[in-house]
2 protein chains.
Amino acid sequence: MSENIIIMGGDGFCGWPTSLHLSNLGYNVTIVDNLIRRKIDVDLECDSLTPIKPISQRIKKWYDLTGKTIKFEKIDISLQYNKILNLIKELKPKAIVHFAEQRAAPTSMISSYWKRYTVENNTNATHNILCAVVESGIDVHVVHLGTTGTAGYVTTPMDIPEGYLDVKVQTDKGEEIMEFPWPLHSPSIYHMTKSMDFLMFEFYNNNDNIKCTDLRQGIVWGCQTKETMMDENLINRWDYDHWYGTALNRFLIQSTIKHPITIYGRGLQTRAFIHIQNTVECIQLAIENPPIKDKVRVLNQVTECHNLLNLANKIKLLTDAEIKYYKNPRKEAPENKLRFDNSGLLKLGLNSITLDDGLLYEINEIAKKYKDRCDISKVMVDNCTWNKNIKIDGIGYDNPQ
Amino acid sequence: MSENIIIMGGDGFCGWPTSLHLSNLGYNVTIVDNLIRRKIDVDLECDSLTPIKPISQRIKKWYDLTGKTIKFEKIDISLQYNKILNLIKELKPKAIVHFAEQRAAPTSMISSYWKRYTVENNTNATHNILCAVVESGIDVHVVHLGTTGTAGYVTTPMDIPEGYLDVKVQTDKGEEIMEFPWPLHSPSIYHMTKSMDFLMFEFYNNNDNIKCTDLRQGIVWGCQTKETMMDENLINRWDYDHWYGTALNRFLIQSTIKHPITIYGRGLQTRAFIHIQNTVECIQLAIENPPIKDKVRVLNQVTECHNLLNLANKIKLLTDAEIKYYKNPRKEAPENKLRFDNSGLLKLGLNSITLDDGLLYEINEIAKKYKDRCDISKVMVDNCTWNKNIKIDGIGYDNPQ
């Protein structure tokens, strides 16, 4: 009998392709989702550029194509604790993959309502999973999508380590080496909840020996994986709006519809990236190689780092787009260089897909193909207030270059 | 006009004497409390050894004695966000003192229900305060009761610093000095929420320049302060049960009722302590000296450290009690030495009250005076399960000495 995997948030941007990838590999996949991401689109009056199908149609099409069954449970894991507990007891899963969090930094900063929703949802979701795993008494590996953002967006004098670092401290007897966690940073409320998650993993790992992997993921780019490309009914979500669209996606749609590429600040902020196909492979690698150490395993799920201007220039080369600079709503260093130690996943067998490999596909098969579904009003920044001193009004300021 | 102070959790063990102390100093004190601590006593079938009066009677007696008015708002700050926001806008307080958290480690470990209650209540309470301060636009100093427990209960080769430590790290160019936060530890779910709180303070301090002081307090001992001693109607809470009673209080009541002193493990675990009178003075010092640095201010609110056996022996000397050893429900080092840098509060003017100064008062004026109110069944450990490998059955094991 094949093993059970529960994918919390399995209808979302990372969750859906992960569900298909693991189902394709022969795991019995159960998706748990409250469909909130689709409902947030209603609130924000946004929609995926790609025409995603309802979850029941997605699952039916997958069965028709492959004969493989994916189960779906509509549960709000931040609230319905007993349903999670019963599901874990029933399925005795090898792993729970936890994507079920409000996952956009700008969304988490729109207003007090969104700050509070993000904190309540994310902390309770993570805690309920861990608490239920302990109560179930079943040995489940919890695989969580963290973010490189909790490692900080400042230039560091070394590769950012995978969670922990040996440091020298001054003691009574001179210098000694101690292992310290790499400091947790929180550039937004969203990031803050991911930092808080890490403390929960450390507690449940230490107190109850729960196996936990925290995958500190870079910004995911790309829309499709091998499985989601099998049929248009399986197509993955692709957000381009200023709340959920990542910089790269927004640059792609902007260049396609002949809108200037909007860079906040001077574009010298460096970020880490990974392709969605690599994301699903990393999840697989984490599940198939559970941690054995008596510690939370942290893996930097990153394949390359670029600054935003560099990204914009890559797209400009392919599309001849114009670049415009706007005031940065984030309180962050105007310029930084980022480097990650990603040896953990490389050693487990990850083969990196680079931006240079995949950008043209994104332009031709996603941005250009679905550009008529784009609401141009959503590609600019809106009235999201990151802090009380910065008002985002969408007015461009002088090009600093 | 005197300045407003809001005391969140102002009906509790630390909150009530702090409210009286600040009111006595001339501040306009508003207590916010949902009275949950009294209601938890109903659930756990426990009660304060001291006969505490309802909040309205306490406040009336204070007014009759001093002519000073303390206001009371019954608000659940983990849920009623808009009420907090409106109160902050109305009062424009100089400081908010935040005690409004489930504050017992054993209680937080009773069951999934209590774990989840502690996480939901504590994280939402802290986040709602910070979010409301930002939304109000008012420059409020948030003073939070943290715990020395988040600094860890292992022997360290130096005094535990006040939040941050310079360490040497290996970089591309050799060794460099970086400032790291002292690692956040979570010996229980309760402690975990205090660690999570700290990340919220760091975020709101960094993003919105909110002035935050995290007072990492040792175990508070003593029942009374100068103000609560003024009249029996003002008497402070004194818990002796296995959920809310600290080791010292349980030892005191056990020795008074001729029950053996119950030590978990060998009693060589060291803890930090502070007297309740010093607690209220530390809060005052924090309020009157708000932080100016662009960073969360951490102060170790500690006056002395002892191991549990040392405490028990102090009481044994005064009462001729017997000591018995029980299996330790906590997953912790069986022996540790703890040392804290508490120079921050000492420099601000704190005069330490030592255990040797006050133990006799606790025995004669609290434990002996109210011993007839003691329910002996509550002084032993109950069915609280700290982790799945340790069952607490209350059966003594061999005396290790």
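Student: Let's start with two helices in chain A. Is the crossing of H4(A) and H6(A) left-handed or right-handed?
Tutor: H4(A) passes H6(A) in a right-handed crossing. Keep in mind that this is a predicted model.

Student: Ok. What's the packing angle, and how far apart are the axes?
Tutor: H4(A), residues 81–91, packs against H6(A), residues 112–136, at about 45°. Their axes are 9 Å apart. That angle makes H4(A) oblique to H6(A), because neither the roughly parallel nor the roughly perpendicular range covers it.

Student: Which residues make the contact?
Tutor: On H4(A), you've got Tyr81(A), Ile84(A), Leu85(A), Ile88(A) and Lys89(A). H6(A) brings Asn128(A), Ile129(A), Ala132(A), Val133(A), Glu135(A) and Ser136(A).

Student: And how does that split by class?
Tutor: The contact of H4(A) with H6(A) has 7 nonpolar residues, 2 polar and 2 charged.

Student: Switching to sheets. What's the strand order in the open one with S11 in it?
Tutor: The order is S9-S11-S13 in chain A, so to speak reading across 3 strands, and the pairing is mixed.

Student: Which strands sit at the edges?
Tutor: S9 (219–221) and S13 (304–307) of chain A are the edge strands, each pairing on one side only. From one strand to the next, the twist averages 45°.

Student: What about S11 with S13, parallel or antiparallel?
Tutor: Antiparallel: S11, residues 270–275 of chain A, pairs with S13(A) over 4 bridges. To pick out a position, Ala272(A) stands opposite Cys305(A) in S13(A). As background, strands of a sheet pair through backbone hydrogen bonds.

Student: New topic, the two chains. How many residues does each put into the contact?
Tutor: Chain B gives 43 residues and chain A gives 43 residues.

Student: Which elements of chain B supply its side?
Tutor: Helix H6 (112–136), strand S6 (164–171), strand S7 (174–181) and helix H7 (189–208) of chain B each supply at least two residues. H6(B) gives the most, with 12 residues.

Student: What's the chemistry of that side of chain B?
Tutor: The side of chain B that touches chain A divides into 19 nonpolar, 12 polar and 12 charged residues.

Student: What turn and shift lay chain B on chain A?
Tutor: A turn of 180° with a shift of 0.0 Å along the axis does it, and the RMSD is 0.0 Å. The two copies are thus related as by a two-fold rotation axis.

Student: And why say the copies meet through the same surface?
Tutor: Because 100% of the interface residues of chain B are also interface residues in chain A.

Definitions and conventions: Residues numbered from 1 in each chain as written. Chains lettered and ligands numbered in written order. Predicted model: local features only at pLDDT ≥ 70, side-chain atom pairs only at ≥ 80, totals over all residues. Pairing = 2+ DSSP bridges. Axes fitted to C-alpha atoms, helices over the stretch in contact; angles between N-to-C directions. Contact = placed C-beta atoms within 7 Å. Nonpolar A, V, L, I, M, F, W, Y, C, P; charged D, E, K, R; others polar. Parallel < 35°, antiparallel > 145°, perpendicular 65-115°, else oblique. Left-handed = near helix turned anticlockwise from the far one by under 90°. Least-squares fit on C-alpha atoms with pLDDT ≥ 70 in both.
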